[in-house]
Amino acid sequence: MSSVFMNKIAIATRSSNRSRVFGQKARTIMSFTLNTGAKIPAIGFGTFQDPDAQEDAVCQALQKGLRLIDTARVYDVEKQVGRGVKKTGVKREDIFIATKLWCNDYHPETVSRALEDSLSDLDTPYVDLLLMHYPCTFASGADRFPRDASGKMIHGKTDYVDTWRALERLVGEGRVRAIGVSNFSKGEVQRLLDETSVVSHRKIPAVHQMEVHPYLQQQTFSDWHRRLGIHIIQFSPLGNMNDFYRQTGWSKEISHMMRVIDQPVLKSIGEKYGKSPVQVVLAWGVNHGRSVIPKSVVDWQIDENVAADFELEREDMEIISELDAKARCVYRDIQGAVCLLM
Ligand SMILES: NC(=O)c1ccc[n+]([C@@H]2O[C@H](COP(=O)([O-])OP(=O)(O)OC[C@H]3O[C@@H](n4cnc5c(N)ncnc54)[C@H](OP(=O)(O)O)[C@@H]3O)[C@@H](O)[C@H]2O)c1
């Protein structure tokens, strides 16, 4: 039995209870406890892409029982997310909303206003989690992707450590419940720990959102976070499922790889539990003690994703560990990311 599930009484609020939302049966999903003491659901909902569909998709996700919504300023969907949340009628305090500060607003004098813009679009007085999207600063201004005449990004002078200090002040004001990072390397997280005096509630970020899936397992990095008490949210948890990355940025070495969810071994593991390969992939992350935030705008897919917090036996976890290919789908360096987002 995996330790995550052995400890579930202590760390999780998983139950067979089903609450009614809009007359539908909504599933109660297990959750983890952050170093702030707050609960974070094990399965959440990503909102990158398909802006026109996001209001309904967020609404559906909440109706089906998902309670963690992940968004970002740069996705340009915060208004849709806010409307989707309002539409369901699920109480705000029952939802965990995470958003991300974009790199042109990393300057200490712009951070508070940037948060206010997000809160206004999300139509909420606070967010449960605010992340720095990348460890990199762009020049201040309305242009999210400032470039010089030769097309190169214009970087800002602010150090991300100073941005972090500005984020800490927001936590004190109550508009942000927890802060964290995304796409940071180990050295970059370590710098935050070394150079900031009061980081979050326990001198460390509450969350690191990073790319993790069976093709990019990052086990050593993941264990390091666990020892520090930093919770990991896996983005792109289905691996190379999102065609956007295939079309825009993948290297030749990985673009030929079959979709993670088509790996025959996941199908056979799934058959043992009566689950699909997608559910096995998501459960693998949850069994490692991480949250997963699959994005979907398709009704039956959301249903499938919601029901993925089941326990995998140790031998199945070990089989999945063999799929690691150290294959990254989403650029961690900012130039690459900007190419994707433009
Ligand atoms: N921090 C960062 O830098 C960063 C980077 C990337 C992503 N993210 C976050 O992570 C979220 C998820 O990442 P992602 O979209 O890259 O990858 P993903 O969630 O792993 O994959 C999304 C793709 O999988 C499909 N899909 C979802 N559930 C499915 C199911 N049950 N069966 C079959 N197909 C399914 C979706 O299809 P449909 O859309 O057609 O339903 C979509 O094409 C994003 O929305 C965003 O919130 C953060």
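Does Asp56 count as buried, exposed or partly exposed, and how many C-beta neighbours sit inside 10 Å? With 15 C-beta neighbours inside 10 Å, Asp56 counts as partly exposed; the scale calls a residue buried if 20 or more other C-beta atoms lie within 10 Å of its own, exposed if 12 or fewer, and partly exposed in between, with C-beta atoms placed from the backbone. What you have here is a predicted model, in which local features need pLDDT of at least 70, side-chain atom pairs count only at pLDDT 80 or more, and totals for chains, interfaces and linings use all residues. Residues are numbered from 1 along each chain as its sequence is written.

**Overall picture**

The chain has 15 helices and twelve strands; these are DSSP runs numbered from the N terminus, helices being H or I of at least four residues and strands E of at least two. Of its 342 residues, 46% count as buried. Among contacts between residues at least 6 apart in sequence, 73% join residues at least 24 apart, where a contact means C-beta atoms, placed from the backbone, within 7 Å.

**The sheet**

Eight strands form an open sheet with parallel pairing, in the order β5-β6-β7-β8-β9-β10-β11-β12. Its edges are β5 (45-46) and β12 (291-292), each of which pairs on one side only. Two strands pair if DSSP finds at least two bridges between them. Here are some of the pairs:

| Strand pair | Bridges | Sense | A facing pair |
|---|---|---|---|
| β6 and β7 | three bridges | parallel | Ile69 and Ile97 |
| β7 and β8 | four bridges | parallel | Ala98 and Leu129 |
| β10 and β11 | five bridges | parallel | Met210 and Gln234 |

Now for β7. Six of the six residues of β7 are buried, so this strand is largely enclosed by the rest of the structure. Both of its faces are covered: Phe96, Ala98 and Lys100 are buried on one side, and Ile97, Thr99 and Leu101 on the other. Getting there from β6, the chain passes through α4, and this β-α-β crossover is right-handed. That label applies if, with the strands pointing away from the viewer, the path from the first strand over the helix to the second runs clockwise. The next step, from β7 through α5 to β8, is another right-handed β-α-β crossover.

**Helix α4**

Helix α4 spans residues 78-88, and its buried residues are Glu78, Gln80, Val81, Gly82, Gly84 and Val85. What covers them includes α3 (51-63), β6 (68-70), β7 (96-101) and α5 (108-122). Right after the helix comes Gly89, with a positive phi near 80°.

**Around the ligand**

Which residues come closest to the ligand? Gly46, Phe48, Leu238, Lys295 and Ser296 do, out of 24 residues that surround it; a residue is near a molecule if its C-beta atom, placed from the backbone, lies within 6 Å of it. Helix α13 (residues 299-306) gives the most to this shell, with three residues. By class, the shell has eleven nonpolar, ten polar and three charged residues. In that scheme Ala, Val, Leu, Ile, Met, Phe, Trp, Tyr, Cys and Pro are nonpolar, Asp, Glu, Lys and Arg are charged, and the others, Gly among them, are polar.

**Three residues to look at**

Start with His133, where UniProt, in an unreviewed entry, places the feature "binding site". UniProt positions follow the numbering used here, feature names are shortened, and annotations may be inferred rather than shown by experiment. His133 lies in the loop between β8 (129-132) and α6 (160-173). Why does His133 count as buried? Because 23 other C-beta atoms lie within 10 Å of His133. Leaving aside neighbours within four places in sequence, the contacts of His133 are Ala72, Val74, Lys100, Leu101, Trp102, Cys103, Ser182 and Asn183.

Ala327 is another loop residue, placed between α14 (314-321) and α15 (334-341). Ala327 is buried too, with 20 other C-beta atoms within 10 Å. Not counting residues up to four places away in sequence, Ala327 touches Tyr215, Leu216, Ile254 and Met257. From Ala327 to Trp250 the C-alpha to C-alpha distance is 9.8 Å, with their places 77 residues apart in sequence.

Finally, back to Asp56, which sits in helix α3. Asp56 and Asp299 are 243 residues apart in sequence, yet 10.0 Å apart in space, C-alpha to C-alpha.

Technical notes. Two residues are in contact if their C-beta atoms, placed from the backbone, lie within 7 Å.
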